[in-house]
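Subject: The two-chain model

Hi,

Here is the structure I promised to pass on. Have a look at it first, and then read my notes below.

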Amino acid sequence: MKVLELFLEYKYYYIVGIKITILLSFLSLIAGVIIGTLLCLMKMSQNKLLSIISTIYIEVVRGTPMMVQIALVYFGSYVITGVNMEGFIAALIAVSLNSAAYVAEIIRSGIQSIDKGQWEASRSLGLSNRQTMRYIILPQAIKNILPALGNEFVTLIKETAVASTIGVADLMYTSKIVQSTSYQPFNPLVIVAIIYFIMTFTLSQLIGVLERRLSHCD
Amino acid sequence: MIKIENLNKYFGGKHVLKNINLQIEKGEVVALIGPSGSGKSTLIRCIDYLEEPTSGNIYINGKNIAQSGKDIDSIRQKIGMVFQHFNLFPHKTVLENITLAPVLTGRLTKDEAEKKAMELLKIMDLLDKKDAYPNSLSGGQKQRIAIARSLAMDPEIMLFDEATSALDPEMVGEVLNVMKYLAEEGMTMIVVTHEMAFAKQVADRVIFMADGEIVEENSAVNLFENPENPRTREFLSKVLAY
């Protein structure tokens with residue numbers, strides 16, 4: 001029970017870390033979904049330029065490590081503006097922009113998974129492109145993409161751990177502090193692993209409930 | 001009511017509609033028959049602008065749909081389309097499927113649309129299914145709901161694209177009965193079909209298409225009993241052999 005004792009001893013550190021990790025995950029998730037939806041609309045738009053910009057963005061973000069991206073935002077902001085950006089803000093921007101690329105691809109595949117006949121039926125009734133998207137395609141697409149989107153959210157929570165590399169006092173950072181103050185290399189890591197698992201497991205269960213609720217019409 | 005002039009359609013290098021000219025009057029029931037791949041479906045899909053013609057003009061009540069731009073939605077509201085695979089909205093109940101378009105396009109309020117939907121469901125003999133989801137219905141029921149969904153917009157023209165081809169044989173009759181009822185009510189209809197007996201009985205005019213061309217058109221009785229073109233004769237001898 002050494003692990004539990006250690007946790008109780010340093011619980012205030014851990015609680016601060018948990019709060020920051022949850023806040024960072026939550027804000028990035030929302031920003032990621034909003035930006036991701038925009039990227040998806042850009043990629044699927046008739047406008048070639050918008051589509052190309054979005055494609056390049058998605059490919060570059062998916063093809064470079066998160067750790068590099070977060071460092072680029074953190075140090076790059078200093079090089080470009082001359083002002084030191086707060087670590088948390090830099091992490092928030094980097095994680096959101098990273099997540100957005102994945103979310104865009106998930107939404108796009110969800111929309112494209114809907115049978116072409118749904119478009120045709122809706123348009124033939126005289127509904128506009130926009131109405132068709134909003135009332136016919138998206139509600140069905142969301143149901144299809146929920147599992148993949150849930151995966152992405154779980155990944156996002158885990159990836160926020162990279163924020164510790166630029167000094168954001170998240171859960172991962174807490175484990176480093178506890179390691180050095182308690183002189184224990186192993187147990188503090190076990191604790192964060194357990195906490196990360198509890199967070200991701202809760203989230204995936206919640207998404208499971210939502211999936212079942214949306215499947216009522218099958 | 002519908003006027004088609006020199007309509008051509010290519011899919012890639014394939015010439016699927018060759019210089020089609022056709023005029024359909026209000027209240028007319030026209031059956032389009034012909035072998036698979038003859039362009040029948042493409043032709044009626046062009047009328048609803050689900051396929052963009054490569055060249056030529058299609059006028060609906062004098063309006064050229066190729067140049068309609070944003071007006072295409074309001075033209076489509078007057079044209080009902082029934083698909084081979086129903087294309088009901090699976091995330092909406094039967095009632096919602098029928099009321100969705102009239103409400104969203106602002107033609108009816110929610111109450112009016114529901115009242116209208118109930119009347120249509122009564123005609124279709126499916127009142128008890130109003131709160132069901134499409135996936136729980138049989139093919140024949142789905143197709144009748146799809147017809148009701150189109151009728152809820154008060155269309156002036158109804159297009160049927162092989163509406164009974166995906167149905168189990170015992171369900172074909174219930175859908176044809178509804179179509180017959182519509183024809184008797186004076187609806188302008190274009191029906192792509194493989195049901196020759198239905199075409200003969202219900203259609204005012206039958207058009208035989210092959211290889212993207214209109215080969216022969218005539219009244220139902222004349223076309224079936226005295227086909228003039230050898231290709232028509234060959235086709236009819238095959239489909240009417242049994």
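One definition before the notes: a residue is called buried when its relative accessible area is under 20%, exposed when that area is over 50%, and partly exposed in between. Please also keep in mind that this is a predicted model.

That definition is useful right away for helix H1 of chain B, which covers residues 40-47. Seven of its eight residues are buried, so the helix is mostly covered. The buried ones are B:Lys40, B:Thr42, B:Leu43, B:Ile44, B:Arg45, B:Cys46 and B:Ile47. B:Cys46 has a relative accessible area of 0%, and B:Arg45 has 11%. B:Arg45 also has a charged partner: its side chain meets that of B:Glu51 in a salt bridge, with 3.0 Å from N to O. B:Glu51 is itself buried, at 15% relative accessibility. Just after this helix, B:Tyr49 takes a positive phi of about 60°.

Next, the overall picture of chain A. Its secondary structure comes to nine helices and zero strands. The C-alpha trace spans about 70 × 45 × 20 Å along its principal axes. Chain A has 218 residues, and 43% of them count as buried. Among its contacts with a separation of 6 or more, 74% are between residues 24 or more positions apart. The chain exposes about 11800 Å², and carbon and sulfur atoms supply 69% of that area.

Some of the exposed surface forms a nonpolar patch of about 720 Å². The patch is made by A:Ile22, A:Leu23, A:Phe26, A:Leu27, A:Ile30, A:Ile34, A:Leu38 and A:Leu41. One of these residues, A:Ile34, has its place in helix H2 of chain A, which runs over residues 11-44.

Where do the chains meet through charged side chains? One such place is the salt bridge between B:Asp73 and A:Arg123, whose closest N and O atoms are 3.1 Å apart. This pair crosses between chains, from helix H2 of chain B to helix H6 (residues 116-124) of chain A. Helix H2 of chain B covers residues 72-77. Is B:Asp73 buried or exposed? At 15% relative accessibility, B:Asp73 is under the 20% cut-off and therefore counts as buried. A:Arg123 counts as buried too, at 17%. Leaving aside neighbours within four places in sequence, B:Asp73 is in contact with A:Arg123, A:Gly126, A:Leu127 and A:Ser128.

Salt bridges turn up elsewhere as well, and the count over all chains comes to 18. In chain A, a network of them links A:Lys43, A:Glu59, A:Arg62, A:Glu105 and A:Arg108. In chain B, B:Asp211 forms a salt bridge with B:Arg231, and the closest N and O atoms are 2.9 Å apart. B:Asp211 lies in the loop between strand E9 (205-210) and strand E10 (213-219), while B:Arg231 is in helix H9 (residues 230-239), so the pair ties together parts of chain B that are 20 residues apart in sequence. How covered are these two partners? B:Asp211 is partly exposed, with a relative accessible area of 49%, and B:Arg231 counts as partly exposed at 31%.

You may also wonder about the cysteines. How many disulfides does a search of the whole structure find? The search finds zero over all chains. A:Cys40 is buried, with a relative accessible area of 1%, and B:Cys46, which came up above, is buried at 0%.

Finally, a loop residue to look up in chain B. B:Ser136 is found in the loop between helix H4 (110-124) and helix H5 (139-151). At 54% relative accessibility, B:Ser136 is over the 50% cut-off, so it counts as exposed. Its side chain reaches the backbone oxygen of B:Tyr133 at 2.8 Å. B:Ser136 and B:Ile157 are 21 residues apart along the chain, and their C-alpha atoms are separated by 29 Å.

Best wishes

Technical notes: Residues are numbered from 1 along each chain as its sequence is written. Chains are lettered from A and ligands numbered from 1 in the order in which they are written. This is a predicted model: local features need pLDDT of at least 70, side-chain atom pairs count only at pLDDT 80 or more; totals for chains, interfaces and linings use all residues. Side-chain values use heavy atoms; hydrogens and water are left out. Patches are made of residues with over 30% relative accessible area and no salt bridge: like charges are joined within 9 Å, nonpolar side chains (Val, Leu, Ile, Met, Phe, Trp, Tyr) within 5 Å. Accessible areas come from the Shrake-Rupley method with a 1.4 Å probe; for residues, only the protein chains shown count as cover. A salt bridge is a side-chain nitrogen of Lys or Arg within 4 Å of a carboxyl oxygen of Asp or Glu. Helices (H or I, at least four residues) and strands (E, at least two) are DSSP runs, numbered from the N terminus. Contact means heavy atoms within 4.5 Å. A disulfide is a pair of cysteine sulfur atoms within 2.5 Å. Buried means under 20% relative accessible area, exposed over 50%, partly exposed in between (1.4 Å probe, protein chains only). A polar contact is a pair of N or O atoms within 3.5 Å; within protein, one must be able to donate a hydrogen and the other to accept it, and residues adjacent in sequence count only if both atoms are side-chain atoms.
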